[in-house]
Amino acid sequence: MDFLRPASWEEALAAKAEHPTAVPIAGGTDVMVEINFDHRRPEYLLDLNRVGDLYEWEVGQDSVRLGASVPYSRIMESLRAELPGLALASHTVASPQIRNRGGVGGNLGTASPAGDAHPALLAAGAEVEAESVRGSRRIPIDAFYTGVKRNALAPDELIRAVHVKKADGPQQYSKVGTRNAMVIAVCAFGLALHPETRTVRTGIGSAAPTPVRARTAEEFLEAALEEDGFWDNGKIITPSVAKQFADLCAAACNPIDDVRGTARYRRHAVGVMARRTLTWTWESYRGARRASKGAA
Amino acid sequence: MRVNFTVNGRPQEADDVWEGESLLYVLRERLGLPGSKNACEQGECGSCTVRLDGVPVCSCLVAAGQVEGRDVVTVEGLAEFARQRAERDRCETASRGDRTAAPGTSLDEARAWQARGSDSQAGEGGELAPIQQAFIDAGAVQCGFCTPGLLVAADEMLEHHPNPTDADIREALSGNLCRCTGYEKIMDAVRLAAARQGEAV
């Protein structure tokens, strides 16, 4: 094994171009487990800890450019207002020790269907900034996950950052597990309301071969909210709408039975989380509406 | 490969390090510091918790090569680390910046560190960090395997939260598993250390 230690992003790209089989390591919270257990013996480890740019983020007009290695603990502390869904998801990652090391770049690189960040990224809307010596491109998050632990990266590409849309409405994240800390999701659900465009977006984790959106459920909910003027009148969502939304989210799953839960349980739990997160976000939207009306 | 880094305030050099080796392995097997415990090797249990540039991490998940040039504090250096922090705080309070103490703990001192005695007198005679003393006084140690990781994590929490709520303590220690105590005595120990820290100010 060789340990490659680029001191800059340009050096990292050059190393990845020269050794496309090199395994990038940042927080090490996935890669080191595989090495410790002898599940993986990469020919090259490409250490990204010295590439300082990856630990920075910029808050722009419409989105946040989040460096691939910004640890979850920083996201929780510093980006709660801009990226509430991702901040909530970050708080459910493993333990403080892991959150101090791991970041979204690793979650995307590993592309496990159980990665905690994915449902939040899908719901908020995001693009992955991938780069190689050949150039840089932005991959829409919907096109990024291509299979179980597979993503759209070319062998010579590295993840530089992820551009996440700033929240323009309430966002929620929910995760089912056996305890609060140190738990891989049995399944997870992210929901974001986007009042500016009058759209809603979802993200489902651990209930299909890849993280997925429940598009039919989104379209149903958008139509239902539009039809009855909910965005304007701020009424309580009718239980039948919430139930239909939950059922469509459950139907968007394609889960398996495994040690963490059965397919049937996962489908049921996703429906429950969809209904709950819809209630939470909608109540928060109504609250914000009332507050702004009161101010005016 | 060779790795140069700072351990408990002193520069150290580890040789013949395998590229896939963890920081935990380097500490235990190459530097002779077995205080950080090797248990799950997958970041689940927190027994190997150390401070990396001040931040608590699982040393089993840090590749040895990643610590080149960086600063690590292990449980063996915790007493000295806490002493210096207290001194620094005092200096800052008195707005004086003169630090005279030679920094850090040498490898020999760290290797020789022990909480002396094996009965209820444990800890007497050895220099202890306040959190270590609180663990002894509260009876928070049973088999002791999880203790080093808990000490490092709890000490770091008290650095940032002088008056932690029970929720703060549980959150800070949520990455450290203990299979003996049921955590109640550990909670007592951290509350005790926090209270003593408050009295000292």
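Biologist: What covers the buried residues of α5(B)?
Modeller: This is a predicted model, in which local features need pLDDT of at least 70, side-chain atom pairs count only at pLDDT 80 or more, and totals for chains, interfaces and linings use all residues. Residues are numbered from 1 along each chain as its sequence is written, while chains are lettered from A and ligands numbered from 1 in the order in which they are written. With elements taken as DSSP runs numbered from the N terminus (helices H or I, at least four residues; strands E, at least two), and contact meaning C-beta atoms, placed from the backbone, within 7 Å, the cover in chain B includes β3 (49-52), β4 (55-58), α2 (78-93), α4 (130-138), α6 (166-172) and α7 (184-200).

Biologist: How many of the 14 residues of α5(B) are buried?
Modeller: A residue is buried if 20 or more other C-beta atoms, placed from the backbone, lie within 10 Å of its own. Among those that qualify are B:T147, B:A154 and B:L158. The helix is largely enclosed by the rest of the structure, because the number of its residues that are buried is 12.

Biologist: How far apart are the end C-alpha atoms of helix α5 of chain B?
Modeller: The expected span is 1.5 Å times one less than the number of residues. For the 14 residues 147-160 this gives 20 Å, which agrees with the separation in the model, 20 Å.

Biologist: Which residue stands opposite B:V50 in β4(B)?
Modeller: β3(B) and β4(B) pair (at least two DSSP bridges) in the antiparallel sense over 4 bridges. Opposite B:V50 stands B:V57.

Note on methods:
Two residues are in contact if their C-beta atoms, placed from the backbone, lie within 7 Å.
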